[in-house]
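Here are my notes on the model you sent. They are numbered so that you can reply point by point.

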Amino acid sequence: MKIANIEDLRVAARRRVPRIFFDYLDGGAFSETTMHANIADFDKVHLEQRVLVNIEKRNLATRFLGSDYAMPLMLAPTGFAGMLAHRGEVQAGRAAKAAGIPLCLSTTSICSMEEVRRDSDVDFHFQLYVFKDRGLAELMLERAVKAQAKSLFVTVDATIGGRREKDLRNGFRTSRRPTPGALLDMMTRVRWGLDMLRGPWPLFGNFTDVPGAGKDIMAQALFVGRQLDPTLTWADLAWMRKHWKGPMVIKGILSVEDAQRAVDQGADGIVVSNHGGRQLDGARSSIAVLPEIAKAVGHKTEVLFDGGIRRGSHIVKALALGARACLIGRTYLYGLGAGGQAGVTRALDLLRFEMDVTMALMGVTDVDQLRDDGARYIRNAA
Ligand SMILES: Cc1cc2nc3c(=O)[nH]c(=O)nc-3n(C[C@H](O)[C@H](O)[C@H](O)COP(=O)(O)O)c2cc1C
């Protein structure tokens, strides 16, 4: 099938990847209302068409998180990415490097931060869940410094796990073993199986030497679930600051008050995010809350954005509404599941192309124009 858009990559990934992993990637919390709203609410934002502007030369390159990148885009931290394709995070890192954008590596990646660092010199940032065992969190931070992570993303919207009902049905992360149906389905995915059999058998790379974390991935996943700290509060950010000297980005902000608090506590950036609708179902979409948060703190901190980006025009809208850059989760994972590094590259090429055409038809020749003068390009914000 000719891959014309991100939805085509999604269909291709669903064909190739076992249901248990595809459902984990594709699903959201409870009724998935927020997950769907993340995408649907982009339709409420309208772009201004401007004509007879010389658009021959166009520029998507820009600066965020202290570096220059080929476009205002970054791969979001996503756990288990390495279950979608052989050494998935390494392949994603190569695609990001080739596209001139950074990658944020999840705590629960299959490839460890050291493996990703060794493989390519992609700009990599590290995402941390602050564990109950602060000694373990500290250890992760020390490793991230050694692996030259450019900044730390502290995820604050998952101090307990959201329930994704498809995972429950598949027995994924909710029990020690997948259901027999899920196991049977896995055995029928021959291309995926042959790819993964190239080994080594996947584990959470950042936990392989952690005592008590378990020796197989299901045990490790349960261990990490138990380590999420429901007592985490703003006071703990001071602890983070003490142990991490580089830039710190707070991921999972969805209200103006929390955005302001993050800035007051010295965050160098925030990610306006509802975890892709995987945590609080019923929360507003990311794009609906972005304008008010950007207005409140955009002049004091770097406002990043994620949730529901499936089109280049979605990125254009988010930038015009105040985001400095966007992160993509499922969109790159569909590519990874469909075709490894080449699939991620396809996803990034599609977004780049769509962004470029969208900007051109709006009479915008430089991506920074959207950020500097966003209101000019948007009508009827969500
Ligand atoms: C399969 C999957 C795993 C994820 N794992 C993590 C994670 O480990 N840490 C984290 O901070 N966010 C995680 N997220 C959330 C993403 O970083 C991001 O916020 C979200 O995917 C954005 O929405 P989108 O998928 O619509 O682009 C995950 C998302 C998905 C889809």
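1. How far is an oxygen atom of the ligand from an N or O atom in the side chain of K251? The separation is 2.9 Å. Bear in mind that this is a predicted model, so the distance is a computed one.

2. Two further polar contacts deserve a look. T155 places a polar side-chain atom 2.7 Å from an oxygen atom of the ligand. G79 uses its backbone instead: an N or O atom there lies 2.9 Å from a nitrogen atom of the ligand. As for burial, the ligand on its own has 600 Å² of accessible area, and the protein covers 99% of that.

3. Next, the shell. There are 24 residues around the ligand. P77, S106, T155, D306 and G308 come nearest. T155 thus appears both in this group and in a polar contact. By class, the shell divides into twelve polar, seven nonpolar and five charged residues. Among the elements, α2 and α15 each give the shell at least two residues.

4. Where does the ligand sit? The space it takes is the largest pocket. That pocket holds about 860 Å³. Its lining counts 48 residues, and Y24, R164, R173, H275 and R278 are the closest to the pocket centre.

5. Which elements build the lining of the largest pocket? At least two residues come from each of α2 (19-26), α10 (217-227), β11 (325-328) and α15 (330-361). The largest share, five residues, belongs to α10. α2 and α15 also feed the ligand shell, with at least two residues each. The lining of the largest pocket has 22 nonpolar, 16 polar and ten charged residues.

6. There is also a cavity to consider. The structure has one cavity of 30 Å³ or more, and the largest cavity contains about 30 Å³ of space. Its lining is Y129, V130, T155, A158, T159, L228, D229 and L232. Five of these residues are nonpolar, two are polar and one is charged. Note T155 again: this residue lines the largest cavity and has a polar side-chain atom 2.7 Å from a ligand oxygen.

7. Last, two backbone features to check. Most peptide bonds are trans, and most residues other than glycine have a negative phi. The bond from G199 to P200 is cis, with omega near -5°. P200 belongs to the loop between α9 (190-196) and α10. F30 is not a glycine, yet its phi is positive, at about 40°. This residue is in the loop that runs between α2 and α3 (33-40). Each of the two loops adjoins an element of the pocket lining: α10 follows the loop of P200, and α2 precedes the loop of F30.

Technical notes: Residues are numbered from 1 along each chain as its sequence is written. This is a predicted model: local features need pLDDT of at least 70, side-chain atom pairs count only at pLDDT 80 or more; totals for chains, interfaces and linings use all residues. Side-chain values use heavy atoms; hydrogens and water are left out. On a 1 Å grid over the protein atoms alone, a cavity is a set of points where a 1.4 Å probe fits but cannot get out, and a pocket is an open set with protein on both sides within 12 Å along at least five of seven lines; lining residues have an atom within 4 Å of a point. Grid points are joined across faces, edges and corners, and a volume is the space filled by probe spheres set on the points. Helices (H or I, at least four residues) and strands (E, at least two) are DSSP runs, numbered from the N terminus. Ala, Val, Leu, Ile, Met, Phe, Trp, Tyr, Cys and Pro count as nonpolar, Asp, Glu, Lys and Arg as charged, and the others, Gly among them, as polar. A residue is near a molecule or strand if one of its heavy atoms lies within 4 Å of it. A polar contact is a pair of N or O atoms within 3.5 Å; within protein, one must be able to donate a hydrogen and the other to accept it, and residues adjacent in sequence count only if both atoms are side-chain atoms. Accessible areas come from the Shrake-Rupley method with a 1.4 Å probe; for residues, only the protein chains shown count as cover. A molecule sits in a cavity or pocket if more than half of its atoms lie within 2 Å of its grid points.
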